Amino acid sequence: MDFICNFPFFSILISLFSGTICSVLPGKAAKWVNTFVIVLIGAMSAALLWYLLGTGESFVYMMGHFPAPWGNEIRAGVLEAATALFFCIVMLLSMWGGRKKLMEEVEPSKHNLYYILVNLLLSSLLALIYTNDLFTAYVFVEINTIAACGLIMIRQIGRTLEAAVRYMIMSLVGSGMLLIGICMMYDLTGHLLMSNIQESVTAIIEEGTYVIPLVMAIALMVIGLAIKSALFPFHAWLPDAYGYSTISSAAILSSLVSKGYIFLLIKIIYRVVGFRIFHDTHIINVLFVFGLMAMIFGSLSAIKENDIRRMIAFSSVAQIGYIYVGIGLGTQVGMLASVYHIFAHAAGKALLFIAAIGLTDVSGFSRKFIDLTGAGYRNKIAGIGFTVGSLSMVGVPVFAGFVSKLLFAQAAVNNVGKMLPTLIALGISTILNAIYFMKTVIRIYTPRPDAPYESVAIGKEKLYAVSIVLFIALNIMLGMSSQPVVDAIHAGLEMFG
Amino acid sequence: MGANLFVNYGEAVAAVLFGIGFGNLLLQKNLIKKIIGLNIMDSAVYLFLAEKGYIIGRTAPIVTGGVQSVEAYINPIPSGLVLTGIVVSVSVSALMLSLTIRLYRRYHTLDLDQISLMIKKEEET
């Protein structure tokens, strides 16, 4: 086994340890440790991705000294490495873009605590991506929830505290269901490692005994994770949590935390249950219907919103719906579209949040649309960033969102039974997206004659400008050269199944 | 069907407790009662696991008196899972309680709906 096979384990461990170290460091040092760790893990994931694309095979890494049916394992394939790399990039850029705001909104004595939470979040995300053990996945799901809750409540105003409580309640309902589902699965199969469970599940289905408890266990796990990733009827906590927390938190929560759960769900579908068996259980239709509803109702709520950040948050509900529709289509192409949309949405939504804060800052810190008039002229780089993010979310060619919509449409055409509802919902949702995003873009580029607010020069906030430019580059790169990314996702999904 | 329910009464109790906890966590207005519901729900899962790991007539998997045969002990893995789960649920409960204290100090009520109303009023003024 090559030395590079240690990298998944190292990256989880490094981010966990750096979280511990940050607790005794002053804020500034913690900031540097955090940046260094994210860059290092990103570089390691890139090297791992390169290695895996070269060998074309996934590998299993044994944790501790006990072999397969007893011990704990890490598994890495192309999709895992690519997701880890992408999460690191988005996290780093979100931290850069929100740094100035973080300094203003969080008490100076608590700055190092913020970096602890970010490091813990990264390690739990990496563990969710790489683990091959269901119970380990549950433990890291909870760590992820706790870290995310900390990220929401680190800015201490009434709204964030309430949002944090609501987030915790909904998350705990979800993780309770996930936990009982995992326990039932363990009870039925006698294993905790994903590959062993899959063998037993296949045997159970073939024998025809205990099929109903098995479907129940699968349903509990899937619905638990769907609740945690804010699928449509369970999104009540989301607008406040994304709308009022400090901007780095909002960007990270919307683009990474919910995606971590969805990645785990995809892993469970492929590696624990098996794609074919999952397809035959009809749970897939439930996800499909709720996904369709999320696409439309999320967009409608966003149109009604008069607060730019809550509008972007509601747009997340709709985008999560897209991902679940892709899963619900029950084809390989649909799954590919979902995974691509995880990337496209993470790049677009983080950019929108970071750009929105630049716009509200030059509008007297107001989030109301009436005050945002002409904000695109006052903070040029934020205006451009917001426009690019909006175009990407609407699905204009050149940007990332277009490719994912194209993939969804292709996947829908491949599935005869679900083609019509998917295409209709896709069309309606795209029009609704265009209405609320273009309304905002037109608003920020409408000149304002009385000019009550001051403009900000691009050179004044260099780190912010750099993060927005890199986000724009990421969006265009995903949109223009989508083929290598799609190929990599395809190879990764092949390794799963 | 009914006979199975009677034989596996431990699991049946666990399922009922899970339902009680789940309902309380979702439906109670009072934050403390919600947290109690969460703990009932988690305990139900641990009861389920412990019940599944127990084999009648065997003892805890700690070697005493030189008995090394596998036949003498119960399955240790569910017990390990219960311990891990307890650690997780303790930390989550602590976090929820600390959040509740924060909210109570600020708004002097434990009712989440009232807190929402007060926050809205706070912002309007």
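How many salt bridges does the rule find across the interface of chain A and chain B? The rule finds 2. Welcome to this predicted model; here is a short tour of where chain A and chain B meet, followed by two loop residues of chain A with a positive phi.

**Where the chains meet**
- On chain A, 30 residues are in contact with chain B, which takes part with 34 residues.
- About 3,100 Å² of area is buried between chain A and chain B, and carbon and sulfur atoms give 79% of this area.
- One of the salt bridges joins the side chains of Arg159(A) and Glu123(B), at 3.0 Å from N to O.
- Polar contact is found across the interface too, in 4 residue pairs with both residues at pLDDT 80 or more.

**The side of chain A that touches chain B**
- Two or more residues come from each of helix H5 (134-153) and helix H6 (158-189) of chain A.
- H6(A) gives the most to this side, with 19 residues.
- Sorted by class, this side of chain A has 22 nonpolar, 3 polar and 5 charged residues.

**Two loop residues to look up**
- As background, most residues other than glycine have a negative phi.
- Ala230(A) has a positive phi, near 60 degrees, and sits in the loop between helix H8 (211-228) and helix H9 (238-244) of chain A.
- Ala230(A) counts as buried because its relative accessibility is 1%, with the cut-off for buried at under 20%.
- His282(A) also has a positive phi, near 70 degrees, and lies in the loop between helix H11 (275-280) and helix H12 (283-304) of chain A.
- His282(A) has 56% relative accessibility, so this residue counts as exposed, for which the cut-off is over 50%.

How values were computed
Residues are numbered from 1 along each chain as its sequence is written. Chains are lettered from A and ligands numbered from 1 in the order in which they are written. Side-chain values use heavy atoms; hydrogens and water are left out. Helices (H or I, at least four residues) and strands (E, at least two) are DSSP runs, numbered from the N terminus. Buried means under 20% relative accessible area, exposed over 50%, partly exposed in between (1.4 Å probe, protein chains only). Contact means heavy atoms within 4.5 Å. Buried area is the accessible area (1.4 Å probe) that two parts lose on being put together, summed over both. A salt bridge is a side-chain nitrogen of Lys or Arg within 4 Å of a carboxyl oxygen of Asp or Glu. A polar contact is a pair of N or O atoms within 3.5 Å; within protein, one must be able to donate a hydrogen and the other to accept it, and residues adjacent in sequence count only if both atoms are side-chain atoms. Ala, Val, Leu, Ile, Met, Phe, Trp, Tyr, Cys and Pro count as nonpolar, Asp, Glu, Lys and Arg as charged, and the others, Gly among them, as polar.
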